[in-house]
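I sat down with this one to look up a few side chains and some backbone oddities. Here are my notes, in the order I made them.

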Amino acid sequence: MTKLSRRQFGMAGLALAGVSLAGALPASAQQLKGGRLRVAVLSELANYDPQQLSTVNFHVIKNLYDSLIEYTPEGKPEPSLATEWKIAPDKTSVTLKLRSGVTFHSGTPFKADSVLATLQKGADPKRGKNVFATMSIVKDWSAPDDSTVTINFKAPVPERQMLDLLQFLIPIDPKGIDTVETVPAGTGPFTLVNRAVGQSLTLKANPKYWRDKQPIVQDLVFTVFSEDASASAALESGAVDIVYNGSSRSAVRLKNAGFQVFAGPGPLVQVFRINSTRGPFRNKAFRQAFNHLMDRASILRVGYAGMGKVVALPWAPASPAYDESYNATYAYDLDKAKKLIADSGLSADETKNWKLLVNGSDESSVAISQIVQGSLQKIGIPVELDMRQGAEYVTALLGGDFAATFGAVGNVQKFPSRVATNSIYRTSGNPVLKDPHPHPDYVAAIARVDATSGGAAEVKAAYDNLNKVLVAEAFGIPTNSYDVGLIVASDKIGGVTLDIDNLFVARTIGFK
């Protein structure tokens, strides 16, 4: 089975410019106490659907739901709701044995029918959301009995791609699958108590949870802060116990002040998302100019305190599709940008006819948007920043209501076609680019990666082709990798578990 090397894991983690991070300690190694865990978050969640794997939902997914399998931080697969799995010798199917004695929050027993319903939802282009693209390799599925599920693939599938799918699949209660956006329907360690939209979310320990002695705390309260500085101040004053998904800059400062800082192995890549169905962005040469308009070094330094890597492709350095040479080929170069804009044939007025949507609640997004605004100003394109806060910004981002905006993408350290789980990179049901997809070369490139299970040369050719298409179509312009889901905690907190995707896992956390 595929396992990240020490070097890959180190590259995927956070290098805090000389500031060391605390490592995660298993709850079993400590005598931790329960109580009420208070967590500050910087964004309002979109909904309770576990197939909506947007960063704004990262704090709730693993607390309300369980996956079929889990990955360790090093990428080793481990049982979860599936206790074992057998991959067919020809790699065209996988058979799962499901855990017995598990119930959903509604009291419904967890059985094969919930996995089938979850697969059906994921395969639906209208309902599958982030999971839909991952399901493109699946032919069909069956359940010979209540504790067994077989998933069949359209062609032989690389083992890691198969495991990624299983780790991505989060069973949903069949009775709640149609209302899962508004009512959680999972088997997870916590259940919903109440939600005050834009303010807080309160969960309580699931008394029937299947993992022994978990969760440790009895109550889990998330408070939404509009500013990173306010969340940090709440931690320093003792009003909260943890800040989740705060900025790198705040993490460094708080670490130096004596707080614990935990960084997981699942970085995001920041992407300048372009709506190629609007205004001047319909023009390919104009879009391509943005490959050279991104001052990536400044964006990394100003937005993320230099913590991460400059990238011109949507991959973390640990990805098998990562190609560092693109960083030089598509480096910041205003002369090349101006030439491409001239080649576009657009008039000066046409190049200015758009606004840059900005997440006003996120200091890093504001800062890096201003850097791009400055680069555009230098080549004679004044662009207005459209500042939106909180839920208003999230609605615009997920609904594709923008010409261009910054938005991070995840799954960038896994099988390359997993990038298509992110909204801007979806090959079907894309909320920004819509259907039919306006970039068929990109759709074909993803399909080629999924269909390639031959030798190393064939695999590399498929990855190289995808990379060439990405920079040519230029509907997403990556700038840098950075760590999402940073956990900054008081010294009273123990048992922090790091997640491969940097989702927040509260079930092992307790008080020292």
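**Entry 1, a serine and its partner.** I began with the side chain of serine 298, which makes a polar contact with the side chain of aspartate 295 at 2.8 Å. The model is predicted, so I treat that distance as a computed one. I then placed serine 298 on the fold and found it in helix 9, which covers residues 296-304. Is serine 298 buried or exposed? Serine 298 counts as buried because its relative accessible area is 14%, and the cut-off for buried is under 20%. I also listed its contacts, leaving out neighbours within four places in sequence, and noted Gly303 and Ile371.

**Entry 2, a phenylalanine in a loop.** Next I looked up phenylalanine 415, and I found it in the loop that runs between strand 16 (404-409) and helix 15 (440-451). Despite the loop address, phenylalanine 415 is buried, with a relative accessible area of 6%. Which residues does phenylalanine 415 touch, not counting those up to four places away in sequence? I wrote down Pro158, Gln161, Asp164, Val449, Asp450 and Tyr463. I also checked isoleucine 446, which is 31 residues from phenylalanine 415 along the chain; their C-alpha atoms are separated by 11 Å.

**Entry 3, back to that loop.** I stayed with the loop between strand 16 and helix 15, where lysine 434 also sits. Its phi is near 65°, a positive value in a residue other than glycine. Lysine 434 counts as partly exposed because its relative accessibility is 44%, and partly exposed lies between the 20% and 50% cut-offs. Proline 436 is in this loop too, and the peptide bond leading to it from aspartate 435 is cis, with omega near -5°.

**Entry 4, another cis proline.** Where is proline 215? I found it in the loop between strand 9 (200-205) and strand 10 (219-224). A cis peptide bond joins glutamine 214 to proline 215, and I noted an omega of about -5°.

**Entry 5, an alanine with positive phi.** My last stop was alanine 474, in the loop between helix 16 (456-473) and strand 17 (476-482). Alanine 474 is not a glycine, yet its phi is positive, at about 50°. I looked up its accessibility as well: alanine 474 counts as buried, at 0% relative accessibility.

Note on methods: Residues are numbered from 1 along each chain as its sequence is written. This is a predicted model: local features need pLDDT of at least 70, side-chain atom pairs count only at pLDDT 80 or more; totals for chains, interfaces and linings use all residues. Side-chain values use heavy atoms; hydrogens and water are left out. Buried means under 20% relative accessible area, exposed over 50%, partly exposed in between (1.4 Å probe, protein chains only). Contact means heavy atoms within 4.5 Å. A polar contact is a pair of N or O atoms within 3.5 Å; within protein, one must be able to donate a hydrogen and the other to accept it, and residues adjacent in sequence count only if both atoms are side-chain atoms.
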